[in-house]
Amino acid sequence: MSVENIESVMQETRKFAPSSEFASKARIGRWEDYETMYRRSIDDPGAFWGEIAQELHWFQPWKQVLDESEKPFFKWFTGGKINACYNCVDRHVANGKADQEAIIWEGEPGDTRTLTYAQLLDEVQRFANVLKQLGIGKGDTVAIYLPMIPELAIAVLACARIGAVHSVIFAGFSAESIKDRVQDGQSKLVITGDGAWRRGNVLKLKDVVDQGIKDCASVENVLNVARNPDGERFECAMQDGRDHWYHELASQVSAECPCEELDSEDLLFLLYTSGSTGKPKGIMHTVGGYSVYTYLTTRYVFDLQEDDVYWCTADVGWITGHSYLVYGPLQNGTRVVMYEGAPNHPQPDRFWEIVEKHKVSVFYTAPTAIRAFMKWGDEWVEKHDLSSLRLLGTVGEPINPEAWMWYHEKVGGGRCPIVDTWWQTETGGILLSPLPGVTPTKPGSATRPFFGVDAAILDAEGNEQKAGLLAIRKPWPSILRGIWGDPERFKNTYWNHWNGQYYFPGDGARVDDDGYFWIVGRVDDVVNVSGHRIGTAELESVFVEHPNVAESAVIGVPHDIKGQGLVAFVLLRGTDAEGSDALRQELNKMVEEKIGKFARPEKIIFSADLPKTRSGKIMRRLLRDIATGQALGNVTTLADPSVVDKLKAQYSS
Ligand code: PRX
């Protein structure tokens with residue numbers, strides 16, 4: 001978050017109470033009810049979560065709600081048998097919702113597909129049988145590299161149905177990133193597609209997968225889904241024996257596939273996310289706790305009502321898509337809108353056109369999208385009838401009050417509460433958020449902890465402060481269960497900060513006199529670009545692979561639309577310290593190939609030296625000061641103080 005944002009948030013005094021009309025219809029509409037529930041969730045979590053869990057279907061009840069005996073490896077609902085797919089699909093078909101829309105999908109060119117819960121059940125069972133036919137069973141990892149087409153949700157649910165562990169890879173990642181994730185998770189199968197539409201172009205996903213899995217010995221088969229099930233195929237190579245068209249196999253399997261009765265603590269999925277060091281980590285989530293928590297947060301944070309049409313704009317490749325496009329809303333039996341393409345294709349009003357067309361009532365998006373819409377101009381929003389909207393949400397990064405106000409007035413017509421939801425891949429679900437029927441909101445604040453979440457702000461020693469590091473005291477049901485293959489990294493990253501007494505999310509925050517939390521941003525070397533987490537260390541290791549590069553340091557800087565952008569300082573070998581545009585292009589290309597286009601830096605500065613301490617540590621803090629034009633902090637520990645002056649001159653030239 002930029003310094004200006006922190007300052008504007010610090011001065012923010014506006015407060016918006018939910019209207020009495022909204023509160024009167026809300027699931028929780030009275031402050032006293034919220035407080036009673038919250039108190040109980042903290043004082044007696046076993047009773048609280050046990051009661052909520054009963055709203056889902058269990059094949060066998062749990063014996064213990066929370067087992068803390070191997071802390072920080074917490075277990076929830078131990079002894080219980082459950083299936084997440086059953087709770088998302090079968091349960092609703094059995095309970096009279098067979099003919100209600102489950103997924104309302106719109107492709108970028110304007111084509112649409114709607115699946116009722118009964119149709120979704122049929123599709124998911126078929127998909128699950130295809131997986132089985134390809135030798136996939138309980139505990140096997142399946143990598144999914146699909147565009148935002150219904151089969152992405154279907155593939156995820158089909159894995160959940162048979163107990164296979166899905167590892168979704170966002171379709172913007174490069175071949176190299178696919179390789180890292182497939183190898184780390186030892187995926188036996190990769191599911192991809194022949195193409196997807198993005199800003200009028202076809203993305204050839206299968207080609208990227210072919211490139212990525214060349215050296216992945218674990219992969220036995222590739223399942224290729226056609227973007228147009230009944231229409232034109234996009235050209236792609238098919239390797240005999242390894243590659244299969246999904247529609248061909250699907251036509252040969254039965255449409256019946258019973259759900260696997262899974263242990264509550266069986267792995268549901270891996271999702272890779274960036275940390276401050278090393279390679280991305282495979283975050284582990286298990287079935288029972290994740291199901292219960294995403295079910296309840298979706299229900300209360302989005303105040304879901306029977307006639308809602310719910311749209312979360314996130315890609316299923318990220319955690320928001322997992323928890324609040326697939327699992328949370330489907331467990332609640334709601335109507336979910338899913339959109340394939342770009343927000344500004346063919347014109348900057350595409351989102352509002354979709355809201356109007358499908359009568360979306362609950363809309364959940366990211367601050368970066370809101371800022372882009374602000375820039376494109378009010379006329380694109382004003383063209384559309386958005387009166388179906390009743391609730392708005394944001395996620396992924398701090399929202400600056402100006403963007404919050406624009407969202408509130410222009411999109412919400414001043415009548416829709418906004419839920420600013422703070423959470424992470426690791427938390428599985430929303431931890432801080434207003435409850436829209438009761439919590440007065442303040443622009444830029446994620447307000448208060450959700451049920452069962454005991455949050456605090458601490459200093460490095462563990463003393464409570466008004467501003468400092470965000471910390472969570474108690475485990476909640478969807479807390480990550482580990483980092484795949486690296487229990488030590490799990491303990492070191494999240495649990496070693498305050499003697500294992502608190503979960504450490506890596507965010508800085510402050511709390512105001514009303515007990516509201518204001519997230520300031522990451523305190524580690526993770527940068528949040530358009531709501532996507534990128535570890536600066538990942539980029540640095542890409543650059544040093546270039547033969548001309550000796551060293552590099554990457555930092556995050558404020559960016560008007562993306563929230564944060566990346567700036568790379570690159571030290572060249574030998575005397576060629578000037579660098580060139582050609583070299584800059586080569587380095588950008590390497591980032592695209594090794595991570596993905598979205599990780600390209602805004603600026604690459606070639607430099608003859610980097611500011612270092614006498615012990616050789618790069619002082620990133622000073623690089624940030626240079627890039628943001630601030631007065632330089634303490635420079636007395638620098639080995640060569642003249643370096644910063646040279647860099648300053650170079651940065652502004
Ligand atoms: O810094 C916080 C920021 O996004 C990080 C988590 O990123 P990721 O695991 O990719 O998940 C993003 C979607 C849940 C957090 O550590 N973040 C997320 N939501 C907010 C936020 N920062 C401020 N306000 C939010 N509402």
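Which residue of strand 20 is the bridge partner of T365? In this predicted model, the partner is T394, and the pair belongs to the parallel pairing of strand 19 (residues 362-365) with strand 20 (residues 391-395), which extends over four bridges. The points below take up the sheet that holds these strands, then the ligand and its surroundings, a proline in a loop, and a second group of paired strands.

**The seven-stranded sheet**
- Strands 19 and 20 are part of an open sheet of seven strands, arranged in the order 6-5-18-17-19-20-21 with mixed pairing.
- Strand 6 (112-116) and strand 21 stand at the edges of this sheet, and because each has a single partner strand, one side of each is left without a neighbour in the sheet.
- From one strand to the next, the twist averages 15 degrees.

**The ligand and its shell**
- The ligand is surrounded by 17 residues, of which D420, T421, T425, R522 and R533 come nearest.
- By character, the shell divides into six nonpolar, six polar and five charged residues.
- Helix 12 (319-331), strand 21 (418-421) and strand 26 (517-522) each contribute at least two residues to the shell, and strand 21 is also one of the edge strands of the seven-stranded sheet.
- Backbone atoms also approach nitrogen of the ligand: a backbone N or O atom of G396 lies 3.1 Å from a ligand nitrogen atom, while for E397 the distance between a polar backbone atom and a ligand nitrogen atom is 3.4 Å, and for P398 a backbone N or O atom likewise lies 3.4 Å from a nitrogen atom of the ligand.
- Of the 540 Å² of accessible area that the ligand has on its own, the protein covers 96%.

**P440 in its loop**
- P440 is found in the loop that runs between strand 21 and strand 22 (455-458).
- Its relative accessibility is 19%, and P440 therefore counts as buried, the cut-off being under 20%.
- P440 and I418 are 22 residues apart along the chain, and their C-alpha atoms are separated by 9.8 Å.

**Strand 30 and its partners**
- In strand 30 (residues 563-572), 10 of the 10 residues are buried, so this strand is largely enclosed by the rest of the structure.
- Strand 29 (residues 549-559) pairs with strand 30 in the antiparallel sense over 10 bridges, the two being joined by a hairpin through three residues, and I555 stands opposite V567 of strand 30.
- Strand 30 also runs parallel to strand 31 (residues 603-607), to which five bridges join it, with V570 opposite F606 of strand 31.

Key: Residues numbered from 1 in each chain as written. Predicted model: local features only at pLDDT ≥ 70, side-chain atom pairs only at ≥ 80, totals over all residues. Heavy atoms only, no water. Near = heavy atom within 4 Å. Polar contact = N/O pair within 3.5 Å; in protein donor to acceptor, adjacent residues only side chain to side chain. Areas by Shrake-Rupley, 256 points an atom, 1.4 Å probe, with all protein chains shown as cover. Nonpolar A, V, L, I, M, F, W, Y, C, P; charged D, E, K, R; others polar. Pairing = 2+ DSSP bridges. Axes fitted to C-alpha atoms, helices over the stretch in contact; angles between N-to-C directions. Buried < 20%, exposed > 50% of the residue type's maximum accessible area, 1.4 Å probe, protein only.
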